[in-house]
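Visitor: Please take me slowly through one part of this chain, and then show me how the surrounding parts can be described in the same way.

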Amino acid sequence: MENLLAGAELLARWDVLIALLVGSIGGVIIGAIPGVGPAVAIAILLPATFSLDPIVGLTMLLGIYGSSMYGGAIPAVLINTPGTAVNALTSYDGYPMTKRGEAHRAVSLAYSASFWGGIFGILCLILLSPVLAVIAPMFGSREIFLAALLGIILVVLSHRGQIFAAGMLAMFGIFLNTVGLDAVTYTQRYTFGVSFLSSGINLIVVVLGLFALSQAFFLLTAPDDSPEAKPVTGRLTAGFKELMRHKRVATVASGFGVIMGMIPGVGEFTAQFMSYTYAQKTSKDPDAFGKGSPEGLIASEAANNAVPAAAMIPLLALGIPGEALTAMMLSVFYVHNVIPGPQLFQNNIDLVYALYIALILLNIVVICFLMMSTNLLTRIIRVPTRFLGVLILILSFVGVYSLRNSLTDCMLAAGFGVLGMILKRLNLPIVPIILGMVLGGIMEVKLRSALPRLKTPLDMIDRPITFILFLIIILVLAMHIRTLIKEYRAHQPQEDHDLHDTQMR
């Protein structure tokens with residue numbers, strides 16, 4: 001109770017409350033505009049948050065992260081264009097409901113399911129806190145190294161069909177982290193005599209380039225578009241009553257969101273598809289899915305909104321981000337010398353509880369804002385894409401330059417922006433690069449810290465937690481290899497059949 005009161009006291013400041021309000025409402029607006037997304041907004045705001053107190057900066061970023069998916073449901077339902085990538089599944093059943101003249105019902109269901117999933121995820125995070133506080137101090141250098149290695153492996157393997165590309169991009173991210181002056185031996189690494197590389201490649205420069213500038217270039221080179229959504233009429237509170245008739249689906253979907261959110265590299269998409277599949281298989285009307293099923297809409301929105309709170313679990317407990325947005329938040333911790341991990345629950349428990357309360361408040365603020373301003377947000381959807389591109393471009397370069405007042409950083413960011421646009425055009429993932437940089441840095445520091453205590457390689461796994469993590473890594477790799485063998489055997493008979501047909505002709 002003392003910790004809860006300390007967290008509430010830390011949060012009860014005018015600057016923190018303003019940051020919460022700006023982040024929550026700003027996240028909804030950003031989510032509602034197709035083509036922007038929370039990653040772009042957080043990347044642009046990162047340099048500004050470094051000058052703020054940790055609780056202020058983190059509250060603002062959490063507000064954007066947790067509320068963007070609420071806003072992303074609006075264009076997904078009304079114009080069949082997801083505001084954020086994770087709202088894609090929402091359009092499967094939301095837009096058919098709009099075409100039937102039930103736009104208010106679809107939007108209301110999306111809001112209520114999102115709120116259910118968000119609160120469910122936060123409650124799970126709070127309930128797990130005592131467990132985290134006990135387990136986190138058991139993680140030393142070896143444990144965190146293996147946990148980070150597991151995170152990298154899961155991130156790579158989560159990109160089905162693109163595993164080789166994801167692996168190469170993750171290794172590229174790890175390489176980028178090694179460029180510059182070695183913090184232990186003070187030797188130059190991969191600088192090739194170029195002076196500006198001596199200070200290393202800044203993570204925020206890479207983040208702004210890969211996410212913000214690449215999206216700006218993408219919008220500026222694409223045909224100009226100004227989507228139009230019709231106003232929503234009807235009571236938006238009715239969705240809560242309908243949600244109660246499908247509370248089993250909402251709860252199970254939120255559970256999938258929590259579980260998938262805790263696993264690095266998995267996140268919203270896997271949670272959504274598992275929830276959607278479960279809802280369809282257990283529904284009394286499975287044929288309605290994809291044609292305007294309320295259960296499908298609830299499963300999608302409840303799952304993706306449960307993920308943000310769950311994704312904070314590995315970040316707070318071990319200092320290991322599971323995806324790009326939590327990796328960006330990790331940099332805010334580091335700038336203020338607040339290191340997530342075992343020591344956080346011992347030294348800064350008030351900050352942890354303040355973040356919990358902030359997550360609850362942002363969901364309440366967002367749902368109240370949406371009930372009053374949905375039709376206003378339908379006008380924001382109409383913003384021309386090229387105008388958005390110019391705005392993102394300007395804000396990104398301002399953010400990069402403000403880091404170190406360096407034109408070199410701007411040129412580096414532009415280079416990474418071009419790389420990001422190329423990767424988007426080729427439909428290749430960007431996230432492995434960022435997580436490679438973050439997790440690669442953690443792995444290097446923890447491995448070098450652990451090595452002096454090791455006499456043989458087996459000493460790395462001679463403790464219970466390290467041995468369990470090692471077994472999980474082996475199990476994950478073995479399961480993936482087994483899946484590859486099954487897929488190969490399934491395709492082989494078809495290839496032999498095609499070859500036989502060709503020879504017969």
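Guide: Contact, which is what covering refers to here, means heavy atoms within 4.5 Å of each other. The model is predicted, so local features need pLDDT of at least 70 and side-chain atom pairs count only at pLDDT 80 or more, while totals for chains, interfaces and linings use all residues. Residues are numbered from 1 along each chain as its sequence is written, and side-chain values use heavy atoms, with hydrogens and water left out.

The part to look at closely is helix H17, residues 385-404 (helices, H or I of at least four residues, and strands, E of at least two, are DSSP runs numbered from the N terminus). H17 has 20 residues and reaches 30 Å from its first C-alpha to its last, close to the expected 28 Å (1.5 Å times one less than the number of residues). Its buried residues are Thr385, Leu388, Gly389, Ile392, Ser396, Gly399 and Val400 (buried is under 20% relative accessible area, exposed over 50%, partly exposed in between, with a 1.4 Å probe and protein chains only). Seen down the axis of H17, these buried residues fall within an arc of 100 degrees, and therefore they line one face of the helix (the arc is taken over directions from the axis to the C-beta atoms). The face turned away from that buried side carries the exposed residues Phe387, Ile394 and Val398. Among the elements that cover the buried residues of H17 are helix H3 (38-49), H9 and helix H18 (407-425). Just after H17, Asn405 takes a positive phi of about 50 degrees.

From H9, one of the elements covering H17, we can step to the loop between strand S2 (188-189) and helix H9 (203-221), where Phe196 is found. Phe196 has a relative accessible area of 37%, so it counts as partly exposed.

Helix H14 (residues 324-335) can be read in the same manner: it has twelve residues and reaches 17 Å from its first C-alpha to its last, close to the 16 Å expected. Ten of those twelve residues are buried, so H14 is largely enclosed by the rest of the structure. The buried residues in H14 include Ala324, Met328, Leu330 and Phe333. Just after H14, Asn337 takes a positive phi of about 60 degrees.

Strand S2 brings us to the salt bridges, of which there are six (a side-chain nitrogen of Lys or Arg within 4 Å of a carboxyl oxygen of Asp or Glu). Glu444 forms one with Arg189, their closest N and O atoms being 2.6 Å apart. This pair links distant parts of the chain, with Glu444 in helix H19 and Arg189 in strand S2, 255 residues apart. Glu444 also forms a salt bridge with Arg448, at 3.1 Å between the closest N and O atoms, and because these two are four residues apart in helix H19, about one helical turn separates them. Arg448 is partly exposed, at 31% relative accessible area.

Arg463 and Glu143 form another salt bridge, with 3.0 Å between the closest N and O atoms. That pair too links distant parts of the chain, since Arg463 lies in the loop between helix H19 (431-450) and helix H20 (464-504), and Glu143 lies in helix H7 (residues 141-157), 320 residues apart. Arg463 is partly exposed, at 32% relative accessibility, whereas Glu143 is buried, with a relative accessible area of 2%.
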